[in-house]
Amino acid sequence: MSVPVIQVGSCLIATLTEEIGDAEALDLQETLNSRIEKSSATGVLLDISVLETIDSFLGRLLNEITLGARLLGAETVVAGMRPAVAMTLVELGLKLDGVRSTLDAERGLALLGQHLNGNSHT
Amino acid sequence: MTIETRLPVKQEQDIVTARQTARAAASQLGFGAIDQSRIATAVSELTRNVIRYATNGAGDIVIREVSSERGVGLQIVVSDEGPGISDVNQVMQDGFTSGHGLGLGLSGTKRLMDEMDLQTEVGIGTVVTIVKWRR
């Protein structure tokens, strides 16, 4: 089952769930890239608030999605990481250097809004 | 009733099933949210190794409740009939990768768990046993 991507203003929003497998994650990366190209979106919000497991594969992909979107002119924010997931990622040794994160989706949208100089909600 | 589940690891979707089953078992045994996350992530790493590297060999995963003087724990045994690992010390190092990942799979898994044992024989397969004890 693919991850749905919705657009609000110039922001693309996707919610990742626990059922996300490697294929769906790779599919999401492709979908986001083509949607950025088609829609000229300048922000991507990845809501991971219901995601309970991020392993090295998905973590690496979040990094790659962020870097790829940036090359296409869109900033990505990963929103709502659970504390248990954050601790696990640190112990795993995964460095998400390129990823900007916020406590929740609302703050994520606000951050993307700042990035767009307030153009995101028009 | 003690927990013991065996699942096949043959295709990518089995990674999701395996980690969800391990998480459910951990939750049932009373592990906290952070330990559940550690266990699910470790299982995800190990089962992915089976899918990635033991492509010509069948794999399976056994998730079972164990007990010792340390109390109650969750043991997970991931075995495959893949190519085996020729240099175990090398694969246990942070950053070692055969080219498909970040090289955190085995070394990272060890950090997430309390115990980890790796038995491997080239041409026969690999068995990784991990344990997390309930605090």
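## A buried threonine and its loop

T42(A) is buried: 21 other C-beta atoms sit within 10 Å of its own, and the cut-off for calling a residue buried is 20 or more. This is a predicted model, so read everything below with that in mind. T42(A) is found in the loop between α1 and β3 (43-47) of chain A. Its partner across the sequence is A74(A): the two are 32 residues apart along the chain, yet their C-alpha atoms are 4.0 Å apart in space.

What about S40(A), also placed in the loop between α1 and β3 of chain A: buried or exposed? S40(A) is exposed, with 11 other C-beta atoms within 10 Å, and the limit for that label is 12 or fewer. The backbone at S40(A) has a quirk too, a positive phi of about 55° although the residue is not a glycine.

## The nonpolar core

As a rule, nonpolar side chains in soluble globular proteins tend to be buried together. Here the largest nonpolar core has 55 residues. Which of them touch the most other members? From chain A they are V44(A), L45(A) and L46(A), and from chain B they are A22(B), I39(B), V43(B) and I76(B). The element that gives the most to this core is α2(B), with 7 residues.

Take L46(A) as a worked case. Leaving out residues up to four places away in sequence, L46(A) touches A14(A), L16(A), L62(A), T76(A), V78(A) and A79(A).

## Two helix pairs

Packed helices are usefully summed up by the angle between their axes and the distance between those axes. In chain A, α1(A) and α2(A) pack at about 5° with axes 10 Å apart, so the two are roughly parallel to each other. On the α1(A) side the contact uses D22(A), A25(A), Q29(A), L32(A), N33(A) and I36(A). Facing them on α2(A) are F57(A), L58(A), L61(A), E64(A), I65(A), G68(A) and A69(A). By class, that contact has 8 nonpolar, 3 polar and 2 charged residues.

In chain B, the axes of α2 (residues 33-53) and α4 (residues 105-112) come within 9 Å and cross at roughly 155°. α2(B) and α4(B) are therefore roughly antiparallel to each other, and α2(B) passes α4(B) in a left-handed crossing. The contact involves R38(B), T41(B), A42(B), E45(B), L46(B) and N49(B) from α2(B), along with G105(B), G108(B), T109(B) and L112(B) from α4(B). Its residues split into 3 nonpolar, 5 polar and 2 charged.

## Where the chains meet

How many residues of each chain take part in the contact between A and B? The count is 19 residues of chain A and 24 residues of chain B. On the chain A side, the elements giving two or more residues are α1 (22-39), α2 (56-71) and α3 (83-92). α3(A) gives the most, with 6 residues.

The chemistry of that chain A side is mixed: 7 residues are nonpolar, 5 polar and 7 charged.

## A strand arginine in chain B

R64(B) lies in strand β2 (residues 59-68) of chain B. R64(B) is partly exposed, with 15 other C-beta atoms within 10 Å, which means a count in between the limits for exposed (12 or fewer) and buried (20 or more).

Setting aside residues up to four places away in sequence, R64(B) touches I3(B), E4(B) and Q75(B). R135(B) is 71 residues from R64(B) in sequence, and their C-alpha atoms are 17 Å apart in space.

Definitions and conventions:
Residues are numbered from 1 along each chain as its sequence is written. Chains are lettered from A and ligands numbered from 1 in the order in which they are written. This is a predicted model: local features need pLDDT of at least 70, side-chain atom pairs count only at pLDDT 80 or more; totals for chains, interfaces and linings use all residues. Two residues are in contact if their C-beta atoms, placed from the backbone, lie within 7 Å. Helices (H or I, at least four residues) and strands (E, at least two) are DSSP runs, numbered from the N terminus. Ala, Val, Leu, Ile, Met, Phe, Trp, Tyr, Cys and Pro count as nonpolar, Asp, Glu, Lys and Arg as charged, and the others, Gly among them, as polar. Axes are lines fitted to C-alpha atoms, for helices over the stretch in contact, and angles run from 0 to 180 degrees between N-to-C directions. Angles under 35 degrees count as roughly parallel, over 145 as roughly antiparallel, 65 to 115 as roughly perpendicular and the rest as oblique. A crossing is left-handed if the near helix is turned anticlockwise from the far one by less than a right angle, and right-handed if clockwise. A nonpolar core is a set of buried Ala, Val, Leu, Ile, Met, Phe, Trp, Tyr and Cys residues joined through C-beta atoms within 7 Å.
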